[in-house]
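Let's take a walk through this fold together. Keep the model open and turn it as you read.

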Amino acid sequence: MRIGIPVLGSALLLFSAGCCWFLPPGDPPSGDIETLVLPAERDRRGAENDTVTSLFAYTLQHHPGAAMSVEADVVMLPVARRIIERTGKISGIRYAAQAPLVLRADESNGRWSFQLYDSARASIVWQEVFVLKP
């Protein structure tokens, strides 16, 4: 009896999962189901503040006190260093010339793009993109 109820329940769930009983009748609506909304435009200071907040939330949970290096062009290098410095005051991260975590910063087409690359995992572990006000 103890085995029969879970087996019967599992069989009932598998049977009902394969059926389309829960779909509404009729044809699906035409056109876009969801309207594409572009992210809000930010001024440079606002984008920097939002980056610090987002990076803080990620690093506090996953890499508190970690060292980070920077990969950026000449224009974005001081911004990226300032973001690490400001975030470090909250979550303890710090700048290091050679570190397994690399903050990549790029400005192109009126957007700021930030990525945190983890060389140990060989993958991007965090990312933010901001549309800048003209």
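What follows goes from the sheet to its helices, and then to one residue.

Bear in mind that this is a predicted model. Start with the sheet: it is open, has 6 strands in the order 1-6-5-4-2-3, and its pairing is mixed. At the edges sit strand 1 (41-42) and strand 3 (94-95), each of which pairs on one side only.

Begin at the strand 1 edge. Strand 1 runs parallel to strand 6, and 2 bridges join them. Here arginine 42 has leucine 132, in strand 6, as its bridge partner. Step on to strand 5 and the sense is antiparallel, with 8 bridges between strand 5 and strand 6. In this pair, leucine 116 is matched with tryptophan 126 of strand 6. Strand 5 and strand 6 make a hairpin with 4 residues between them, and alanine 122 in the turn has a positive phi of about 55°.

Now jump to the edge with strand 3. Strand 2 (residues 67-72) runs parallel to strand 3, joined by 2 bridges. You can find alanine 67 opposite arginine 94 of strand 3.

Next come the helices. Helix 2 (residues 44-62) packs on the sheet and touches strand 1, strand 2, strand 4 (101-108), strand 5 (111-118) and strand 6 (123-132). The direction of helix 2 makes about 160° with that of strand 6. Helix 3 (residues 77-91) lies across strand 2, strand 3, strand 4 and strand 5, and runs at about 160° to strand 2.

How far apart should the ends of helix 3 be? With 15 residues at 1.5 Å a residue, helix 3 should span 21 Å, and its end C-alpha atoms are indeed 21 Å apart, so the two agree. Just after helix 3, glycine 92 takes a positive phi of about 85°.

Which residues of helix 3 are buried? They are Val79, Ala80, Ile83, Ile84, Thr87, Gly88 and Ser91. That spacing is worth a thought: an α-helix has 3.6 residues a turn, so residues three or four places apart point the same way. The cover over the buried residues of helix 3 includes helix 2, strand 2, strand 3, strand 4 and strand 5.

Finally, zoom in on threonine 87, which belongs to helix 3. Its relative accessible area is 0%, so threonine 87 counts as buried, the cut-off being under 20%. Leaving out residues up to four places away in sequence, threonine 87 touches Val52, Leu55, Phe56, Thr59, Gly92 and Ile93.

Technical notes
Residues numbered from 1 in each chain as written. Predicted model: local features only at pLDDT ≥ 70, side-chain atom pairs only at ≥ 80, totals over all residues. Heavy atoms only, no water. Pairing = 2+ DSSP bridges. Contact = heavy atoms within 4.5 Å. Axes fitted to C-alpha atoms, helices over the stretch in contact; angles between N-to-C directions. Buried < 20%, exposed > 50% of the residue type's maximum accessible area, 1.4 Å probe, protein only. Expected span 1.5 Å × (residues − 1).
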